[in-house]
Amino acid sequence: MNGAEKIKERIIDDARKRAEKIIEDAKLEAQAIIKDAEKQAFQRVAIMTENAKEEAVLYKQRFRAACEMDDKKNVLKMRQDAIDEAFSAALTEIAGLPDDKYSLFMEDVLLKAAKDEEGDIVMNKKDKQRLGKQFVDRVNAKFRTMGKKAMLKLAEEDLSSCGGFVIRYGEMEINCTLEVLLNMARPNLEAEVAAILFGEQ
């Protein structure tokens with residue numbers, strides 16, 4: 001092998017060694033890049049997993065709070081429905097009192113509500129039949145005994161109510177229907193009714 005061939009051989013050998021070194025370095029760099037990418041990907045996955053866990057906890061809390069709110073609303077509605085039913089039953093019971101007791105109850109209300117002047121008393125058809133003119137006459141006699149000028153006469157038209165009456169003085173009316181009387185008493189009675197229904201103090 002002459003000198004030129006030796007130089008050529010050395011150049012080729014150096015080039016091969018350089019190429020191998022470049023390839024080796026490139027592999028090492030690629031592995032480092034892959035390792036770094038894997039690390040970053042793992043970190044991102046870990047962060048995303050943590051965020052997902054936190055979101056799940058918050059969602060669960062919100063869902064539980066919404067369920068509790070719905071439960072409270074449902075309980076309150078059921079309580080209110082029960083109280084409404086109790087007052088509705090009380091209204092039916094008062095309207096269905098025996099005639100003598102009902103008459104005394106209506107008389108008491110009328111004596112307290114009437115003005116000291118002439119007026120008309122309007123009743124529903126049922127009360128007209130069971131109380132009627134004799135009830136109005138009895139109340140008028142009591143007014144006179146009490147030294148009052150109040151004088152009521154039974155109106156011809158019928159009242160659309162569960163019971164009770166309306167006293168009419170010209171354009172002015174005093175509504176003493178059972179529905180109105182019970183609604184007026186309800187704010188003071190509701191706590192007591194709830195205590196009876198739900199055992200509350």
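**Notebook: strand β3 and its surroundings**

I began with I167 and, setting aside neighbours within four places in sequence, I found it in contact (heavy atoms within 4.5 Å) with L110, A113, A114, D120, L152, M172, E173 and I174. I note that this is a predicted model, in which local features need pLDDT of at least 70 and side-chain atom pairs count only at pLDDT 80 or more, while totals for chains, interfaces and linings use all residues. Residues are numbered from 1 along each chain as its sequence is written, and side-chain values use heavy atoms, with hydrogens and water left out.

I then looked up strand β3, residues 164-169; strands (E, at least two residues) and helices (H or I, at least four) are DSSP runs numbered from the N terminus. Of its 6 residues 5 are buried, so the strand is largely enclosed by the rest of the structure; buried means under 20% relative accessible area, exposed over 50% and partly exposed in between, with a 1.4 Å probe and protein chains only.

For the pairing of strands I required at least two DSSP bridges between them. Strand β1 (residues 118-123) runs antiparallel to β3 and is joined to it by 4 bridges, with D120 opposite R168. On β4 (residues 172-177), also antiparallel to β3, I counted 6 bridges, and there V166 stands opposite N175. The hairpin of β3 and β4 has 2 residues between the strands, and G170 takes a positive phi near 60 degrees in it.

Next I turned to T177, which lies in β4 and is buried at a relative accessible area of 7%. Its side chain makes a polar contact of 2.8 Å with that of N175; such a contact is a pair of N or O atoms within 3.5 Å, where within protein one must be able to donate a hydrogen and the other to accept it, and residues adjacent in sequence count only if both atoms are side-chain atoms. Beyond four places in sequence, T177 is in contact with L159, S161, G163, G164, F165 and V166.

Which residues have the most contacts inside the largest nonpolar core? I found L110, F135, F165 and I167 in that role, in a core of 28 residues; a nonpolar core is a set of buried Ala, Val, Leu, Ile, Met, Phe, Trp, Tyr and Cys residues joined through side-chain atoms within 4.5 Å. Elements giving two or more residues to this core include α1 (3-95), α4 (132-145), β3 and β4, and the largest share, 5 residues, comes from α2.

Last, I checked the cysteines: C162 is partly exposed at 28% relative accessible area, whereas C176 is buried at 4%.
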